[in-house]
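Colleague: I have the model open and would like to go through the labels on it with you. Could you show me how each one is earned?

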Amino acid sequence: MTPEVAAILGLSAVTLVLLLGALYATTRQDRKPRRSGPPGDTPLPPAEIAQPPPQPSTGHVGIDYPDPRTIMVGDTIDCQGVRTRVLGAMYLSWQGNQWTEYLLDDGTRRYQWLSVETREGLNPGDSPHLEVLLWTPVPTEGMIPAKTTLSLEGVEFFPVDRGTAAFRGEGVTLMPERGLLDFADYRAADGRLLSFERLQGRPWSSSYAQPLPPGSIRFENKS
């Protein structure tokens, strides 16, 4: 074999290896998992929905600070430096998930809801974590929650969860003692949360959510 022929064969082999490598990389890229929304919704690229930022650890729940899951109707809560009173509680369940929402009053009749839920980890093997959200009402002027992206105050929100939860009320909740609550949850690319809720047959109401570290909630039991 002459040196010229050997050089040509060597270049051909290198070219073939590069082509096979590019084909393999393309095939692996196509197989990347894709996140999809609720049934019937248009799938959204994973990058478009930001996961909620991890809540900073401020100690151990029930040891270094009171467990928010033990809040009771009538308790006084110090939330972000504002003392509020728990007027009532709603205990909700949906598809095996259970959480509690507390109606807070700071004395000015400015009501807010505080939701407390134990959530599974975002990835397999992650430990469950305690999620505490402070909800503030926001006017939507009769807006109906869409099953696709919606825009509110110039911010794009993407659908996360939608369903009908059963609830039981305690104390003052401005709601019936028992019933069904339709909800639609959304998240913006910056992690901001938006939720629509309504009693079946009634108009929708909406709220923004602000995640709180569980250790930032201080409260005094009424007993």
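Modeller: Gladly, and let us start with the rings: a search of the whole structure, which is a predicted model, finds five aromatic pairs.

Colleague: What makes the pair of Trp94 and Phe183 edge-to-face?

Modeller: The ring centres of Trp94 and Phe183 lie 5.0 Å apart, and the cut-off for a pair is 6.5 Å. Their planes stand at 90°, while edge-to-face asks for over 60 degrees, so the label follows. The pair also links distant parts of the chain, with Trp94 in strand 2 and Phe183 in strand 8, 89 residues apart.

Colleague: Are these two rings buried or exposed?

Modeller: Trp94 and Phe183 are both buried. There is a cluster here too: Trp94, Trp99 and Phe183 belong to one aromatic cluster.

Colleague: How do you know that Phe196 and Trp204 form a pair, and what is its geometry?

Modeller: Their centres are 6.4 Å apart, which is within the 6.5 Å limit. The angle between the planes is 85°, and since over 60 degrees counts as edge-to-face, this pair is edge-to-face. Phe196 is buried, as is Trp204.

Colleague: Let us turn to charges. How many salt bridges are there?

Modeller: The search of the whole structure finds six salt bridges.

Colleague: Why is the contact of Asp106 with Arg110 called a salt bridge?

Modeller: The closest N and O atoms of Asp106 and Arg110 are 3.7 Å apart. A salt bridge needs such a nitrogen within 4 Å of a carboxyl oxygen, so the pair qualifies.

Colleague: And what makes Asp106 and Arg110 partly exposed?

Modeller: Partly exposed covers what lies between buried, under 20%, and exposed, over 50%. Asp106 has a relative accessible area of 23% and Arg110 has 47%, so both get that label.

Colleague: What do Glu131 and Arg119 tie together?

Modeller: Their side chains meet in a salt bridge at 3.7 Å, N to O. Glu131 sits in strand 5 (residues 129-137) and Arg119 in strand 4 (residues 111-119), so the salt bridge joins parts that are 12 residues apart in sequence. With Glu117, these two residues are linked in a network of salt bridges.

Colleague: Why is Glu131 called buried, and why is Arg119 called partly exposed?

Modeller: Glu131 has a relative accessible area of 12%, and buried means under 20%, so Glu131 is buried. Arg119 is at 32%, which falls in the partly exposed range.

Colleague: How do you know that Asp182 and Arg198 form a salt bridge?

Modeller: Their N to O distance is 3.1 Å, and the limit is 4 Å. This pair links distant parts of the chain, Asp182 in strand 8 and Arg198 in strand 9 (residues 193-199), 16 residues apart. Asp182 counts as buried at 9%, whereas Arg198, at 27%, is partly exposed.

Colleague: Strand 8 keeps coming up. What makes strand 7 and strand 8 a pair of strands?

Modeller: Two strands pair if there are at least two bridges between them. Strand 7 and strand 8 (residues 178-188) have 11 bridges, in the antiparallel sense, so they pair. Within that pairing, Ala165 has Leu181 as its bridge partner. The two strands form a hairpin with six residues between them, and Leu174 in the turn has a positive phi of about 65°.

Colleague: Which other strands pair with strand 7?

Modeller: Strand 2 (residues 82-94) is one, antiparallel over six bridges with strand 7 (residues 155-171); there, Tyr91 stands opposite Arg168. Strand 6 (residues 150-152) is another, antiparallel over three bridges, with Ser151 opposite Glu156. Strand 6 and strand 7 form a hairpin with two residues between them, and Glu153 in that turn has a positive phi of about 55°.

Colleague: One more residue: why is Asn97 called partly exposed?

Modeller: Asn97, in strand 3 (residues 97-105), has 35% relative accessibility, so it is neither under 20% nor over 50%. Beyond its neighbours within four places in sequence, Asn97 is in contact with Leu92 and Glu117.

Colleague: And what is the overall make-up?

Modeller: The protein has one helix and 11 strands, and of its 223 residues, 35% count as buried.

Terms used. Residues are numbered from 1 along each chain as its sequence is written. This is a predicted model: local features need pLDDT of at least 70, side-chain atom pairs count only at pLDDT 80 or more; totals for chains, interfaces and linings use all residues. Side-chain values use heavy atoms; hydrogens and water are left out. Helices (H or I, at least four residues) and strands (E, at least two) are DSSP runs, numbered from the N terminus. Buried means under 20% relative accessible area, exposed over 50%, partly exposed in between (1.4 Å probe, protein chains only). Contact means heavy atoms within 4.5 Å. Rings of Phe, Tyr and Trp (its six-membered ring) pair if their centres lie within 6.5 Å; planes under 30 degrees apart count as stacked, over 60 as edge-to-face and the rest as tilted.
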